[in-house]
Amino acid sequence: MKKRESMAASKTLMDFFQPTAKRLKKDSSSSSKTLKSVPNRVNPIASSTLCKSADHSDIPISSSGLTADEKSRIQFKKLQAQSRRNLRICLDRLSNSSVSEGVNFVKLEQLLVEETWLEALPGEFQKPYAKELCKFVQTELRGGGDGGSSGGNSRVPIYPPQHLIFNALNTTPFDRVKAVIIGQDPYHGPGQAMGLSFSVPEGVEVPSSLKNIYKELQQDLCCLIPSHGNLEKWAIQGVLLLNAVLTVRQHQANSHAKKGWEQFTDAVIKAISQKKKGVVFLLWGNYAQAKSRLIDETKHHILKAAHPSGLSANRGFFGCRSIFSLYECDYSSAINVSI
C-alpha cells in the first residue's frame with residue numbers, strides 16, 4: 001500500500017489510461033481480479049514500432065532517436081490536429097448555411113465529417129428513422145417544438161451546440177476506438193454539453209458523476225485528480241465517449257429521448273462490435289448495461305458497474321475498479337492520455 005501511495009505524486013489520473021504494450025494475461029490461479037494479477041507495465045510507445053497518425057497512415061516511431069514521451073506527444077498532436085480539422089469543417093458548414101428563424105442549420109449528416117465513421121455507417125442517414133430524426137432536431141433548433149413554457153415563439157436552447165452534436169465521433173475515428181464509455185444524454189445546463197459523455201469544457205464546474213469517477217480512480221490507483229472535467233484528450237486517443245442520445249433541451253433531461261437517437265447510437269455500437277475486436281465497453285448503470293445486447297462478448301470486453309451519479313455511486317460504483325480492470329483485458333493498443 002505504501003508503494004502505491006508513493007506513486008501518487010508522480011502519477012496523474014490519465015496516466016492510468018496507458019495500458020501495457022504486451023497482451024496482458026489473466027492470473028489463472030485466481031478467479032478474482034486483484035492488483036497482483038497485473039504484470040509490471042512497460043511503456044507502450046517505447047515497445048511499439050508503429051503508431052497511427054491523424055490521417056490514419058502508419059508512421060515509424062522506433063528508430064527516430066526521440067524519447068518515448070516525445071514520440072507520444074508528436075502522435076497526440078497529429079491526432080489532435082485531425083480532431084480540430086473536423087471541428088473546423090463543422091463550423092464552416094454552419095457559417096455557410098442558410099438562416100431560418102434566426103438559427104443557422106445544416107442537416108445532421110453534414111455534421112458527421114469523420115470519414116472513418118461514414119464508411120462504418122454506410123447509408124445510415126438515409127434510413128427513414130434518421131430522416132425523421134433530422135426533421136425533429138431541425139424543428140427543435142428553430143423553436144417549433146413543445147419545449148417553450150409559454151407555447152409562443154420563445155425558443156428553448158438545444159445542447160450541445162450544433163457543431164458538437166457528433167463530437168464523440170468526429171474526435172474519435174472508428175479505426176482508433178479502443179474503449180467505449182456510454183452515457184445517456186447530454187448535460188442540459190448552459191455551457192455544459194460538449195458532445196462527449198461525462199465531459200464538460202474547462203471552466204465549467206465538474207459534474208458530480210465525473211467527480212465520482214475521479215474519486216474512484218484516486219481511491220483505487222492513488223492518482224492525482226484533474227482540476228477540470230474536459231475529457232477531450234481521452235477521446236482523441238481512442239476512448240469513445242458516446243451518449244445514447246446526442247441532443248437535449250435546456251433544463252429538460254431526456255427531452256430528446258425516443259426520437260431516433262437511440263437507434264443511431266445503437267448502430268454505432270453494433271458497427272464497433274461487428275467490425276472491430278478487443279474493444280473495452282464500460283457500462284455504468286442499468287441504462288448503459290442494456291446496450292450489452294448489441295455487443296459480441298466473444299470479441300470484446302464488457303465491464304459493468306453502477307452509475308457514478310451521486311444517487312448510485314455508493315451502491316456499486318465506488319470499489320468497482322472498472323478502469324483498473326482494463327489492464328486484465330486483451331488490451332494492447334496504447335492510449336497515452338494525460339490532462
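Ring pairs tie F125, F166, W261 and F264 into one cluster. Rings of Phe, Tyr and Trp (its six-membered ring) count as a pair if their centres lie within 6.5 Å, with planes under 30 degrees apart called stacked, over 60 edge-to-face and the rest tilted. A search of the whole structure turns up 7 aromatic pairs. Before going further: this is a predicted model, where local features need pLDDT of at least 70 and side-chain atom pairs count only at pLDDT 80 or more, while totals for chains, interfaces and linings use all residues. Residues are numbered from 1 along each chain as its sequence is written, and side-chain values use heavy atoms, with hydrogens and water left out.

Here are two of the ring pairs.

| Pair | Centre to centre | Angle between planes | Type |
|---|---|---|---|
| F125 and F166 | 5.9 Å | 90 degrees | edge-to-face |
| F166 and W261 | 5.8 Å | 70 degrees | edge-to-face |

What do these pairs hold together? F125 sits in the loop between helix 3 (115-120) and helix 4 (128-141), and F166 in the loop between strand 5 (158-159) and helix 5 (167-171), so their pair ties together parts 41 residues apart in sequence. Helices (H or I, at least four residues) and strands (E, at least two) are DSSP runs, numbered from the N terminus. W261 belongs to helix 8 (residues 261-275), so its pair with F166 ties together parts that are 95 residues apart in sequence. F125 and F166 are both buried, and so is W261. Buried means under 20% relative accessible area, exposed over 50%, and partly exposed in between (1.4 Å probe, protein chains only).

Another ring has a charge for company: the charged end of K276 sits over the ring of F174, 5.3 Å from its centre. That label needs NZ of Lys or CZ of Arg within 6 Å of the ring centre and within 35 degrees of the ring normal.

Back to helix 8, where W261 sits. Its 15 residues reach 21 Å from first C-alpha to last, close to the 21 Å expected at 1.5 Å a residue; the expected span is 1.5 Å times one less than the number of residues. Helix 8 is mostly covered, with 11 of its 15 residues buried. Among them are W261 and F264 from the ring cluster, plus D266 and I269.

Those last two names come up again with K291, which touches I182, A244, D266 and I269, not counting residues up to four places away in sequence. Contact here means heavy atoms within 4.5 Å. Is K291 buried or exposed? At 6% relative accessibility, K291 counts as buried. You'll find K291 in the loop between helix 9 (286-289) and strand 10. Its C-alpha is separated by 9.7 Å from that of F281, 10 residues away along the chain.

I182, one of the residues K291 touches, takes us to the strands. In strand 6, 5 of 5 residues are buried. A179, I181 and G183 point one way from strand 6, with V180 and I182 pointing the other. Strand 6 pairs with strand 7 (residues 239-243) in the parallel sense over 5 bridges, and I182 has L242 as its bridge partner there. Two strands count as paired if DSSP finds at least two bridges between them. Strand 6 also runs parallel to strand 9, joined by 3 bridges, with I181 standing opposite L282. Strand 9 (residues 280-284) is in turn joined to strand 10 by 5 bridges, again parallel, and V280 has H301 as its partner. In strand 10 (residues 301-305), 4 of the 5 residues are buried.

For contrast with K291, take E205, in the loop between strand 6 (179-183) and helix 6 (208-221). At 61% relative accessibility, E205 counts as exposed. Leaving aside neighbours within four places in sequence, E205 is in contact with V200 and K211. E205 and G229 are 24 residues apart in sequence and 7.5 Å apart in space, C-alpha to C-alpha.

Zooming out, the protein chain has 10 helices and 10 strands, and 53% of its 339 residues are buried. Among contacts between residues at least 6 apart in sequence, 69% join residues at least 24 apart.

How far can you trust the coordinates? Mean pLDDT (the predictor's confidence in each residue, from 0 to 100) is 77 for the chain, and 68% of residues reach 70 or more. Over residues 1-63, pLDDT stays under 50, and so it does over residues 147-152. Where pLDDT is low, the predicted coordinates should not be read in detail.
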